[in-house]
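This report describes a protein model with a bound ligand. It treats the aromatic side chains and then the surroundings of the ligand.

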Amino acid sequence: MTESRVEDGTVGHSTTMTVVAPAEFRSLMSTFPTGVAIVTTSDLDGQPWGMTCSSVSSVAVDPPTLLVCLREGSPTLAAMLRRSTFAVNLLHARAGATADLFASGTPHRFDLVRWSADPEAAGPHLTDDAHAIADCRVSRTVSVGDHTVVFGEVFRVAHPAAPDRSPLLYGMRKYASWSVL
Ligand SMILES: Cc1cc2nc3c(=O)[nH]c(=O)nc-3n(C[C@H](O)[C@H](O)[C@H](O)COP(=O)(O)O)c2cc1C
């Protein structure tokens, strides 16, 4: 275990403690497979933003709330906080290339996929790559280390006519598709 120090201000005094190294934490979490989403939003001038995100979790049923964790410094996060809405595009099993595109930092990522910009939606809908899309309103944010946790209340769910209804999975640093034991 690597020793690093964190300052814990949550109890009103400073405590030093050890934490595992980033590589060990990443390796641990790689053994916990998840689905894959692309979270999207748009700027007030209509410019689309979006990034691949696997840290998506259900939080509450009433009100229907999910969370996404986005890296500090992300232009997608900045636009999401300005707009206060975002769409969670849940990818289907044939959308691995689009997941890579939206993780690549490519500035013109939206030129390379089919998307729709319904004014009622919370962000761009990736109509070829998502099997389901949740339109969310930002309800709160929490800054944790190098990421921001964004909570969203889901106000609409859409189901595009996807070529594959099974979800794309990510684990062990690879994409996979759902299979029942
Ligand atoms: C499968 C996969 C899952 C990812 N999940 C997250 C995530 O949950 N949060 C995050 O901040 N970045 C995640 N990333 C990395 C971002 O997609 C990547 O940093 C992207 O360039 C960010 O876009 P941006 O420049 O608009 O912020 C993931 C990448 C991949 C390939």
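With a relative accessibility of 31%, Trp115 falls between the limits of 20% and 50% and therefore counts as partly exposed. The model is a predicted one, and the accessibility given here is computed from it.

**Aromatic pairs**

Under the distance criterion for ring centres, three aromatic pairs are counted. Trp115 takes part in one of them, together with Phe110: the ring centres are 5.3 Å apart and the planes meet at 70°, so this pair is edge-to-face. The assignment follows because an angle over 60 degrees between the planes is classed as edge-to-face. Phe110 itself has a relative accessibility of 8% and so counts as buried, the limit for that class being under 20%. Phe110 and Trp115 also belong, with Phe102, to one aromatic cluster.

Tyr170 and Tyr175 form a pair as well, with ring centres 5.2 Å apart and planes at 55°; the pair is therefore tilted. The angle is neither under 30 degrees, as stacked rings require, nor over 60, as edge-to-face rings require. Tyr170 is partly exposed, at a relative accessible area of 32%, and Tyr175 is likewise partly exposed, at 33%.

**Surroundings of the ligand**

Where does the ligand sit? Its site is the largest pocket. The shell around the ligand holds 19 residues, of which Thr52, Ser55, Cys69, Ser74 and Thr76 come nearest.

Three elements each supply at least two residues of this shell: the strands β3 (48–53) and β5 (65–71) and the helix α2 (75–83). Which of the elements gives the largest share? That share comes from β3, which contributes four residues.

Polar side-chain atoms of the protein approach oxygen atoms of the ligand, as the following table sets out for Thr76, Arg109 and His147.

| Residue | Partner | Distance |
|---|---|---|
| Thr76, polar side-chain atom | oxygen atom of the ligand | 2.6 Å |
| Arg109, polar side-chain atom | oxygen atom of the ligand | 3.1 Å |
| His147, N or O atom in the side chain | oxygen atom of the ligand | 3.5 Å |

On its own, the ligand has 650 Å² of accessible area, and the protein covers 82% of this. Thr76 thus appears in two descriptions of the site: among the residues that come nearest to the ligand, and with a polar side-chain atom 2.6 Å from a ligand oxygen.

Definitions and conventions:
Residues are numbered from 1 along each chain as its sequence is written. This is a predicted model: local features need pLDDT of at least 70, side-chain atom pairs count only at pLDDT 80 or more; totals for chains, interfaces and linings use all residues. Side-chain values use heavy atoms; hydrogens and water are left out. Rings of Phe, Tyr and Trp (its six-membered ring) pair if their centres lie within 6.5 Å; planes under 30 degrees apart count as stacked, over 60 as edge-to-face and the rest as tilted. Buried means under 20% relative accessible area, exposed over 50%, partly exposed in between (1.4 Å probe, protein chains only). A residue is near a molecule or strand if one of its heavy atoms lies within 4 Å of it. A polar contact is a pair of N or O atoms within 3.5 Å; within protein, one must be able to donate a hydrogen and the other to accept it, and residues adjacent in sequence count only if both atoms are side-chain atoms. Accessible areas come from the Shrake-Rupley method with a 1.4 Å probe; for residues, only the protein chains shown count as cover. On a 1 Å grid over the protein atoms alone, a cavity is a set of points where a 1.4 Å probe fits but cannot get out, and a pocket is an open set with protein on both sides within 12 Å along at least five of seven lines; lining residues have an atom within 4 Å of a point. A molecule sits in a cavity or pocket if more than half of its atoms lie within 2 Å of its grid points.
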